[in-house]
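Thanks for coming. I would like to walk through one structure today, so please have the sequence and the model open.

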Amino acid sequence: DDDTTIGLVVYGNGGININYKAFDNPNCPPGTPGQGYFCFGDTGSDIAQVFIAPTWSHQVNSRLRVGISPELIHQTIEINGFQLFGPASARPDKLSNNGHSNSVGYGIKLGASLDITDSLSGGIALQSKGYMQKHKEYAGLLPEQGNLDIPANIQFGFAWQASKKLTVLVDYQRIYFSNVGAFGNPGNAAGRYGDDNGPGFGWDDLTAIKAGIHYQASDSLTLRLGYTDVLQEPLRRSEVVTNLLSTAVFDQRYNAGLSWKLNNTTSVDIALNIVPKQTITGENPRFPGQKVTLSNEIYSIDIGWRRLF
């Protein structure tokens, strides 16, 4: 009706694979294949998540809008090359190289936006933890017998319409990694892999500030710029070795994009995403004096086509 809308959103997280190819490693102990970083051949990880979120939104009055999205979540993971850590696992047979493991779960997202003045609006979104089934195939690796819940997060921000053509946006986001054992437990935790207090990635919570510019150049062309700066990075230098299987080098990101309206029903969207080379260096606790550096560098371009019916 005039005040209420029902929709469906389907989106994904992750999908980034990490793979260290096997090589002859003379430092491996006897009884292992002697190949790769952890002596058992290729080492890598794959994690991906899909969210299916039916959404209800309501115009409370001329200035306030609220929404709610219950979420059905599907998650898949695969870990290879970790057999060296078998003696430290509660379930060595469920530690590594068990193929893709699938899990389903649920969560909820709440949001609201408010027109504070005619030119300034604010918004907030709260996403609960994603409560996932345990990954039985990796019950000897992930804490709590294979648990990999999705961290909760909060985001709020403001949009200021500086002129008829120019809008400036600022967001604050915090992701609560420390509330999920697989992310928050330290890599040197007292328990065995797979125990409730077993090793994890050792991440702190993440805090990021985002800024953007939206410029309506003409009736058919919209231009956008964006920048993200992670103020509180989750990865501690003492956890660098633990994070060989993650992409946890968070810092800055740049974005640029445009929307080009071809006619009244068809548009083309283009977005360029740049993560400049970012590094973090820490000491290997297993070999004091040995320094390990993780590095990230990402360039991507997205091209989309839209048609209104």
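Is isoleucine 108 buried, partly exposed or exposed? Keep in mind as we go that this is a predicted model. Isoleucine 108 has a relative accessibility of 34%. Buried would need a value under 20% and exposed a value over 50%, so isoleucine 108 counts as partly exposed.

Isoleucine 108 sits in strand β4, and it is one of the residues that make a nonpolar surface patch of about 950 Å². Other members of the patch include Trp56, Leu126, Phe156 and Phe158. Three strands, β4 (101-115), β5 (120-127) and β7 (153-161), each supply at least two patch residues. Of these, β4 gives the most, with three.

Now a residue from another strand. Tyrosine 11 is in β1, which covers residues 4-20. Its relative accessibility is 25%, so tyrosine 11 is partly exposed as well. Leaving aside residues up to four places away in sequence, tyrosine 11 touches Gln49, Val50, Phe51, Glu71, Lys109 and Gln127. For a sense of scale, the C-alpha atoms of tyrosine 11 and glutamine 216 are separated by 27 Å, and the two residues are 205 apart along the chain.

Next, the inside. The largest nonpolar core has 29 residues. Which residues have the most contacts inside it? They are Phe82, Leu141 and Leu294. Strands β3 (64-80), β9 and β13 (291-307), together with helix α2, each supply at least two residues of this core. Leucine 294 touches several residues beyond its sequence neighbours, among them Leu235, Val240, Leu244 and Ile280.

On to the aromatic rings. There are 15 aromatic pairs in the structure. Take phenylalanine 183 and tryptophan 203: the ring centres are 5.1 Å apart and the planes meet at 35 degrees, so this pair is tilted. Phenylalanine 183 belongs to helix α2, while tryptophan 203 is in the loop between α2 and β9, 20 residues away. Both rings belong to buried residues: phenylalanine 183 has a relative accessible area of 10%, and tryptophan 203 has 7%. Elsewhere, ring pairs join Phe38, Phe82, Phe85 and Tyr193 into a cluster. You have met Phe82 already, in the core.

Last, the charged side chains. How many salt bridges are there? The count is nine. I will show three.

Aspartate 118 and arginine 63 form a salt bridge with an N to O distance of 3.4 Å. Aspartate 118 is in the loop between β4 and β5, arginine 63 is in the loop between β2 and β3, and 55 residues separate the two in sequence. Aspartate 118 is exposed at 74%, whereas arginine 63 is partly exposed at 32%.

Aspartate 195 pairs with arginine 192 at 3.2 Å, N to O. Here aspartate 195 is buried at 16%, but arginine 192 is partly exposed at 44%.

In the third bridge, the closest N and O atoms of arginine 236 and aspartate 204 are 2.4 Å apart. Arginine 236 is in the loop between β10 and β11 and aspartate 204 is in the loop between α2 and β9, so the bridge ties together parts that are 32 residues apart in sequence. Both partners are partly exposed, arginine 236 at 29% and aspartate 204 at 27%. Shared partners also bring in Glu239, and Asp204, Arg236 and Glu239 form one network of salt bridges.

That is where I will stop.

Definitions and conventions: Residues numbered from 1 in each chain as written. Predicted model: local features only at pLDDT ≥ 70, side-chain atom pairs only at ≥ 80, totals over all residues. Heavy atoms only, no water. Phe/Tyr/Trp six-rings, centres within 6.5 Å; stacked < 30°, edge-to-face > 60°. Helix = DSSP H or I, 4+ residues; strand = E, 2+ residues; numbered from the N terminus. Buried < 20%, exposed > 50% of the residue type's maximum accessible area, 1.4 Å probe, protein only. Patch = residues over 30% accessible without salt bridge, like charges linked within 9 Å, V, L, I, M, F, W, Y side chains within 5 Å. Areas by Shrake-Rupley, 256 points an atom, 1.4 Å probe, with all protein chains shown as cover. Salt bridge = Lys/Arg side-chain N within 4 Å of Asp/Glu carboxyl O. Core = buried A, V, L, I, M, F, W, Y, C linked by side-chain atoms within 4.5 Å. Contact = heavy atoms within 4.5 Å.
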